[in-house]
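Thank you all for coming; I would like to walk through one chain this morning, with the sequence and the model side by side. Please keep both in view while I talk.

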Amino acid sequence: MTLTPIASNNAVDDDPRRYEHLSTIRLEDPDAVARAAQSRRRHPGVKAGRQNFIVAADHPARGALAVGSDPVAMADRRQLLDRLQVALANPAVDGVLASPDIMDDLLLLGALDGKLVFGSMNRGGLSGLVNELDDRFTGHTAAALEALGADGGKMLTRICLGDPDTVVTLEATAKAIDSLAERKLIAMVEPFLSRWENGKVKNDLSTDSVIKSVAIAEGLGSTSAYTWMKLPVVAEMERVMAATTMPTVLLGGDPDGSQDEVFATWGAALALPGVQGLTVGRTLLYPSDGDVAGAVAAAASLLHHTTEIPEN
């Protein structure tokens, strides 16, 4: 058995059978997922003055496998689980945002003990689908998240004023917010103003467009009591954060600049009022230098903690 480096200081077993036991459990004892969820130690809870760090891993369920120039970077589930476990092993990482399949794997691996857990709810707007903006809720339901002992659910809310499918997504998002709020679970809403461009959906990351997307998204549902925003880091983030009183986590996306440049923009945004932390996936799980542990540690160093979370 050989070892292959994911990070310069974290050698990972590359045995192709290293996750075979997950297949065996799923075949012979599928109830093990529910038992693992019930026995999991919960996170002590979110607190003002202590920003949270959540690793996102829900991209593959929407067919979005690309990172940078590699169109299938996230296709190997074994490597993705390796990288997630490296990230979650850092005590500064508070939790995970994942689609049901990945969430169940991590539960069976015991990787979510003491972590925040957010489920990905709408994955029906497949990357490249002809009706991609009809983003149906095909993942976690609020009831399923409650049964798992999760902390909340996330929904991608792309708003295209020129596409009639947008109203379907908005209505479904509002219903999901209400369903989560009924269970006192967080609704993490990720809004964008989007448009069709050469057959592809493009998100408008101009400051004014992000502000407009926030204004629309924070008004969805019959209550906003449990609603958070998940927003991109764009120019003039001070204006963006002035548009909402809701707790906000910053998303990473697929980075265009160098890691140092990306981290500098995150650091500046994390200092703004209302920012509760980071929810980042590909940028940290697939860094250009391969050092997952190093990228996660560097991102963790940007967080602001003025209060301590007591140990259980």
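Let me begin with a question: which residues does Met74 touch, if we leave out those up to four places away in sequence? Before answering, I should say that we are looking at a predicted model, and everything that follows should be heard with that in mind.

The answer is that Met74 touches His59, Pro60, Ala64, Leu65, Val67, Leu80, Arg282 and Tyr286. Met74 itself sits in the loop between strand 3, residues 52-57, and helix 3, residues 77-88, and it counts as buried because its relative accessibility is 1%. One of those partners, Tyr286, is 212 residues away from Met74 in sequence, and yet the two C-alpha atoms are 8.5 Å apart in space.

His59 is worth a look from its own side, since it lies in that loop between strand 3 and helix 3 as well. Its relative accessibility is 15%, so His59 counts as buried, given that the cut-off for that word is under 20%. Leaving out residues up to four places away, His59 touches Ala64, Met74, Arg123, Gly281 and Arg282. If you compare the two lists, Ala64 and Arg282 are contacts of Met74, and Ala64 and Arg282 are contacts of His59 too.

Let me step back to the chain as a whole. It holds 11 helices and 11 strands, and its C-alpha atoms fill a box of roughly 55 × 45 × 40 Å along the principal axes. The radius of gyration is 19 Å, which agrees with the value near 20 Å that a compact globule of 312 residues would have. Of the 312 residues, 52% count as buried. Where contacts join residues at least 6 apart in sequence, 70% of them join residues at least 24 apart. The accessible surface comes to about 13,800 Å², and carbon and sulfur atoms account for 52% of that surface. As for charge, there are 28 positive and 41 negative charges, and their mean positions are 3 Å apart.

Now to helix 3 and helix 4. Leu88 is found in helix 3, and with a relative accessible area of 5% it is buried. Beyond its neighbours up to four places away, Leu88 touches Val93, Gly95, Val96, Leu106, Ala111, Leu112 and Lys115. Leu106 is a buried residue of helix 4, whereas Leu107 has its C-alpha 12 Å from that of Leu88, with their places 19 residues apart in sequence.

How many of the 9 residues of helix 4 are buried? The count is 7, so to speak of helix 4, residues 100-108, as mostly covered is fair. They are Ile102, Met103, Asp104, Asp105, Leu106, Leu107 and Leu108, and you will notice that two aspartates are included. After helix 4 comes Gly110, which has a positive phi near 70°.

Helix 7, residues 207-217, gives another pattern to look at, with Thr207, Ser209, Val210, Ile211, Ser213, Val214 and Ala217 buried. As a reminder, an α-helix has 3.6 residues a turn, so residues three or four places apart point the same way. The cover over the buried residues of helix 7 includes strand 6 (152-159), strand 7 (186-197), strand 8 (200-204), strand 9 (227-232) and helix 8 (237-241).

Strand 9 brings me to the aromatic rings, where the count comes to 2 pairs. In one of them, the rings of Phe118 and Trp228 have centres 6.1 Å apart and planes at 45°, so this pair is tilted. Because Phe118 lies in strand 5, residues 116-120, and Trp228 in strand 9, the pair ties together parts that are 110 residues apart in sequence. Both Phe118 and Trp228 are buried.

Finally, two backbone details. Asn198 is not a glycine, but its phi is positive at about 55°; it lies in the loop between strand 7 and strand 8, and with a relative accessible area of 76% it is exposed. Glu236, again not a glycine, also has a positive phi of about 55°. Its place is in the loop between strand 9 and helix 8, and Glu236 counts as partly exposed, at 43% relative accessibility.

Note on methods: Residues numbered from 1 in each chain as written. Predicted model: local features only at pLDDT ≥ 70, side-chain atom pairs only at ≥ 80, totals over all residues. Heavy atoms only, no water. Buried < 20%, exposed > 50% of the residue type's maximum accessible area, 1.4 Å probe, protein only. Helix = DSSP H or I, 4+ residues; strand = E, 2+ residues; numbered from the N terminus. Contact = heavy atoms within 4.5 Å. Rg over C-alpha atoms; globule rule 2.2 N^0.38 Å. Areas by Shrake-Rupley, 256 points an atom, 1.4 Å probe, with all protein chains shown as cover. Lys, Arg positive; Asp, Glu negative; His and termini not counted. Charge placed at Lys NZ, Arg CZ, Asp CG, Glu CD. Phe/Tyr/Trp six-rings, centres within 6.5 Å; stacked < 30°, edge-to-face > 60°.
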